[in-house]
Amino acid sequence: MLKEADQAIVVVGDKRTRSSSMDEALHEAMRVENFRARQVLLPSQSPPRLDEEKLPLVRLDDEEFVESIVRHLHPVEIIHATDKTAAKLLTSPSRDASVAGPALRNTHARVGRYLATEFVSQLVGLEEYDMPHVQGHRTTGHRLRGEQQTTIAALMRGGEPMAFGVNEVFPKARFIHAASATDIKRHHVDDQCTMLLVDSVVNSGKTLMQFIDHVRGLNANIRIVVMAGVVQAEVVVETHPLAKLMGRHGASLVALRLSENKFTGTKGTDTGNRLFNTTHLI
């Protein structure tokens, strides 16, 4: 039953009365099946099972924990700019066959800056901070809520230019490259509150599902926001496996546009090849 839970919580009681075989069973599940869980101590003075790295502690009244549970109760948050004039302007260069290499990378960076400024800031929220004013006094500035506890993951290689644009808007965020889900390690998400998974195009959503599953396994509380330039409209329908997974893990999606065109680029039309002028190598 624990393995099927969205967030597995092991309730740990008094050492004198709790099961002595549970430690071995948990350790084996973690070693063999990559099982991930956390533990809550009831009463709070009870000694923990295993160690806190393998089975992290959580408090039921912890604000982040409660928020992560509440997110699962709401529909998947999907924000896109498909019908906005900004999307039409930003999309045109990316669809222009004559635009490639640095020019196309700059276009994707602009998309990243736009999505970060317009939508991610709205989704995650802002926080105030004190800063010096140009006129010599102190004033209040704004930045992404928990910006220093935010990780930007560029899904390689197509997501890198857009991710760089996102990082310009959120300069205090961590930045990592991830060619596969396992490139994201525990230390990338420890003590972080938001993970931004950035890719240029989402087609079937299979790769993205691996990333979301993996990140959630590393950190059960972290907020996951997917950012993409183009997303196939069918993958955000609530019956699609990606949409179901996002709902189960409380993930959100921010996109420049949703597309009904099911065309998947290959060779000369592949986004990654166009971004890096490698169409001739395929």
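Reader: Why is α5 called largely enclosed by the rest of the structure?

Author: In this predicted model, 7 of the 10 residues of α5 are buried, so the helix is largely enclosed by the rest of the structure. The buried residues are Glu160, Pro161, Met162, Ala163, Gly165, Val166 and Asn167.

Reader: What covers the buried residues of α5?

Author: The cover includes the helices α4 (101-124) and α9 (271-275). It also includes the strands β6 (150-155), β7, β8 (194-202) and β9 (223-232).

Reader: What makes phenylalanine 164 partly exposed?

Author: Its relative accessible area is 39%. Buried requires under 20% and exposed requires over 50%, so phenylalanine 164, at 39%, is partly exposed. Phenylalanine 175 has 23% relative accessibility. That value is not under 20%, so phenylalanine 175 is partly exposed too.

Reader: How many aromatic pairs does the structure hold, and what makes one of them edge-to-face?

Author: There are 2 aromatic pairs. In one, tyrosine 114 and phenylalanine 119 lie 5.7 Å centre to centre, with 80° between the planes. The centres must lie within 6.5 Å for a pair, and planes over 60 degrees apart count as edge-to-face; 5.7 Å and 80° meet both conditions, so the pair is edge-to-face. Both tyrosine 114 and phenylalanine 119 are buried.

Reader: Why is the pair of phenylalanine 164 and phenylalanine 175 called stacked?

Author: The ring centres are 4.9 Å apart and the planes differ by 15°. Planes under 30 degrees apart count as stacked, so 15° puts this pair in that class. Phenylalanine 164 belongs to helix α5 (residues 160-169) and phenylalanine 175 to strand β7 (residues 174-178), so the pair ties together parts that are 11 residues apart in sequence.

Reader: How do you know that leucine 275 is buried?

Author: Leucine 275, in helix α9, has 0% relative accessibility. The limit is under 20%, so leucine 275 counts as buried. Leaving aside neighbours within four places in sequence, leucine 275 is in contact with Gly101, Leu104, Arg105, His108, Gly158 and Pro161. Leucine 275 and proline 161 are 114 residues apart in sequence, while their C-alpha atoms are 8.4 Å apart in space.

Reader: Is threonine 107 buried or exposed, and which residues does it touch?

Author: Threonine 107 sits in helix α4. Its relative accessible area is 3%, which is under 20%, so threonine 107 is buried. Not counting residues up to four places away in sequence, threonine 107 touches Leu90, Pro93 and Ser94.

Reader: What makes α7 roughly parallel to α8?

Author: The axes of α7 (residues 206-218) and α8 (residues 241-249) cross at roughly 15° and come within 10 Å. Angles under 35 degrees count as roughly parallel, so α7 is roughly parallel to α8. The crossing is left-handed. Leu208, Met209, Ile212, Asp213 and Arg216 in α7 meet Pro241, Leu242, Leu245, Met246 and His249 in α8.

Reader: Where in the chain is confidence lowest, and where highest?

Author: Confidence is lowest in helix α2 (residues 63-71), with a mean of 64, and highest in β6, at 97. Where pLDDT is low, the predicted coordinates should not be read in detail. The chain averages a pLDDT of 85, and 88% of the residues score at least 70.

Reader: How many helices and strands are in the chain?

Author: The chain has 9 helices and 10 strands. Of its 282 residues, 45% count as buried. Among contacts between residues at least 6 apart in sequence, 69% join residues at least 24 apart.

Technical notes
Residues are numbered from 1 along each chain as its sequence is written. This is a predicted model: local features need pLDDT of at least 70, side-chain atom pairs count only at pLDDT 80 or more; totals for chains, interfaces and linings use all residues. Side-chain values use heavy atoms; hydrogens and water are left out. Rings of Phe, Tyr and Trp (its six-membered ring) pair if their centres lie within 6.5 Å; planes under 30 degrees apart count as stacked, over 60 as edge-to-face and the rest as tilted. Buried means under 20% relative accessible area, exposed over 50%, partly exposed in between (1.4 Å probe, protein chains only). Helices (H or I, at least four residues) and strands (E, at least two) are DSSP runs, numbered from the N terminus. Contact means heavy atoms within 4.5 Å. pLDDT is the predictor's confidence in each residue, from 0 to 100. Axes are lines fitted to C-alpha atoms, for helices over the stretch in contact, and angles run from 0 to 180 degrees between N-to-C directions. Angles under 35 degrees count as roughly parallel, over 145 as roughly antiparallel, 65 to 115 as roughly perpendicular and the rest as oblique. A crossing is left-handed if the near helix is turned anticlockwise from the far one by less than a right angle, and right-handed if clockwise.
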